[in-house]
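Morning, everyone. Please pull up the model and keep it on screen while I talk. I'll take it piece by piece.

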Amino acid sequence: LIEGAKASGLYRDSTFLEFATNARDRASIEAMLRTFQGGTIGVSEAEAHALYARLSIESHVRVVVTSTSAMADAARDRLDAGAPFEQVADLFNALGMTPAGGDAGWLAPGVLPPALDAAADTAMSGRVVGPLQVTGVGWFLMRIDGRRDVTPAPFAEMRGPVVDRLRQRKARAAFTRALERLKAEYEVRLAGGAAQAMARALRGPLDTGMGRLQPGATAGLDEATRALPLGLYRGGTYSVADAVTDLQRGSTAPNLAMAPSVERWIESQTLQRALIAEARTRHAGEEPAVLRTTRTQEEGYLLDAYYAREVSSAIAIGPEALQAEYALRQREMARLEAAQV
């Protein structure tokens, strides 16, 4: 089947070539990011015992997460002026990244990043703490809504999970430091007025498509609008046209009415472009494991395309066949007419 797809020229199709490039870039980035976490990460017995000693108390945590210090200050000003924490969290937090109202729930020690974890131990209940910076994530405001006592299992039973938690925290910190270095090296930043420019260009098409870009929805955008820069990095620009491409590929659109959410999205997409540039510089796509992953994805694409063209498109179903199938399976197609809850 794969050879049939190649013989028919599917591997020269522009859609396949774009898919192959994207697949290679994704696999290259994933391979490169794994190296950011470093090698074997050690955890001492003293570290494990210290964390275990803190597991007898859990905290109910709410957070506001912003991508910049200025945004965190603006959120803090609203809270200090009397705005409900839940309302401010929903305004500033990225949609889908944090629960409604910023409610992170009851958390055990060691779950949060170190800066927040330390504050969770000492903060007074009901009082807002922050802004606190978590490198690679953003700036946080946090409120402890309550604490409760818990009885952890004996250390002998908990040692494995405790060590794993500490190891994951160290790996995440190493990964974040490496990502921040790359971000600084590539000078990833937002263009002036980026959120507003994206909202002006795409609000109509996204509203029409209920948060998705439908085919042809952006046909009315002129070249000047498409070329508007949203994000910048050394060696490249992330433009409105790039945002259209990413959204058409399935990226979840930010809420265009919330500038913080839009800015976070643009920065993330711009950083992705910088990661692609770095992966290509390192020739990560030439690693044997990456080549195997990419080849598997390309062959899967060719199989699907060949089947769709040679089999699915050749199938014709007439009204008589539909009626016969319906009559055969009518009992399986029961319809819910009412429900009492």
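How many bridges join strand 1 to strand 4? The number is 10, and the two strands run antiparallel. Before I go on, one caution: this is a predicted model.

Stay with strand 1. It covers residues 57–66. Strand 4 covers residues 138–149. Look for Arg-62 on strand 1. Its bridge partner in strand 4 is Arg-143.

Strand 1 also pairs with strand 2, residues 103–107. That pairing is antiparallel too, over 4 bridges. Here His-60 has Trp-106 as its bridge partner.

Is strand 1 mostly covered or mostly open? Mostly covered: 9 of its 10 residues are buried. His-60 is one residue to look at on that strand. Its relative accessibility is 16%, so with the buried cut-off at under 20% it counts as buried.

What does His-60 touch, beyond residues up to four places away in sequence? In strand 2's range, find Asp-103, Gly-105 and Trp-106. Then there are Arg-143, Ile-144, Asp-145 and Gly-146. As a general point, side chains in a regular strand alternate between the two faces of the sheet.

Now zoom out. The chain holds 13 helices and 7 strands. Its radius of gyration is 25 Å, well over the 20 Å that the globule rule gives for 341 residues, so the chain is more spread out than a compact globule. The C-alpha atoms fill a box of roughly 70 × 60 × 45 Å along the principal axes.

How much of the chain is buried? Of the 341 residues, 38%. The accessible surface is about 19,700 Å², and carbon and sulfur atoms make up 53% of that.

On charge, count 39 positive and 41 negative side chains. The centres of those two sets lie 3 Å apart.

Next, contacts along the chain. Take those with a separation of 6 or more. Residues 24 or more positions apart account for 74% of them.

Two pairs give a feel for distance. His-60 and Ala-219 are 159 residues apart along the chain, and their C-alpha atoms are separated by 48 Å. Lys-183 and Leu-33 are 150 residues apart in sequence, and 13 Å apart in space, C-alpha to C-alpha.

Let's stop at Lys-183. It lies in helix 7, residues 155–185. Which residues does Lys-183 contact, leaving aside neighbours within four places? They are Val-188, Glu-267 and Leu-271.

Just past that helix comes the loop between helix 7 and strand 5, and Glu-187 is in it. Glu-187 is not a glycine, yet it has a positive phi of about 55°. Its relative accessibility is 45%, so it counts as partly exposed.

His-283 also has a positive phi of about 55°, and again it is not a glycine. Find it in the loop between helix 11 (259–281) and helix 12 (288–310). His-283 is partly exposed, with a relative accessible area of 44%.

One more backbone feature. The peptide bond from Gly-130 to Pro-131 is cis, with omega near 10°. Pro-131 lies in strand 3, residues 128–134. For background, most residues other than glycine have a negative phi, and most peptide bonds are trans.

Back to strands. An open sheet of 3 strands has the order 5-6-7, with antiparallel pairing. Which strands stand at the edges? Strand 5 (189–190) and strand 7 (236–239). Each has a single partner strand, so one side of each is left without a neighbour in the sheet.

Strand 5 pairs with strand 6, residues 229–233, over 2 bridges. Within that pair, Arg-189 stands opposite Leu-232.

Last stop: Thr-218. It sits in the loop between helix 8 (194–208) and helix 9 (223–226). Is Thr-218 buried or exposed? Buried: its relative accessible area is 6%, and the cut-off is under 20%.

Now its contacts, not counting residues up to four places away. Thr-218 touches Leu-202 and Pro-205, then Leu-213, then Arg-226, Val-244 and Gln-248.

That's the tour. Questions, please.

How values were computed. Residues numbered from 1 in each chain as written. Predicted model: local features only at pLDDT ≥ 70, side-chain atom pairs only at ≥ 80, totals over all residues. Heavy atoms only, no water. Rg over C-alpha atoms; globule rule 2.2 N^0.38 Å. Buried < 20%, exposed > 50% of the residue type's maximum accessible area, 1.4 Å probe, protein only. Contact = heavy atoms within 4.5 Å. Areas by Shrake-Rupley, 256 points an atom, 1.4 Å probe, with all protein chains shown as cover. Lys, Arg positive; Asp, Glu negative; His and termini not counted. Charge placed at Lys NZ, Arg CZ, Asp CG, Glu CD. Pairing = 2+ DSSP bridges.
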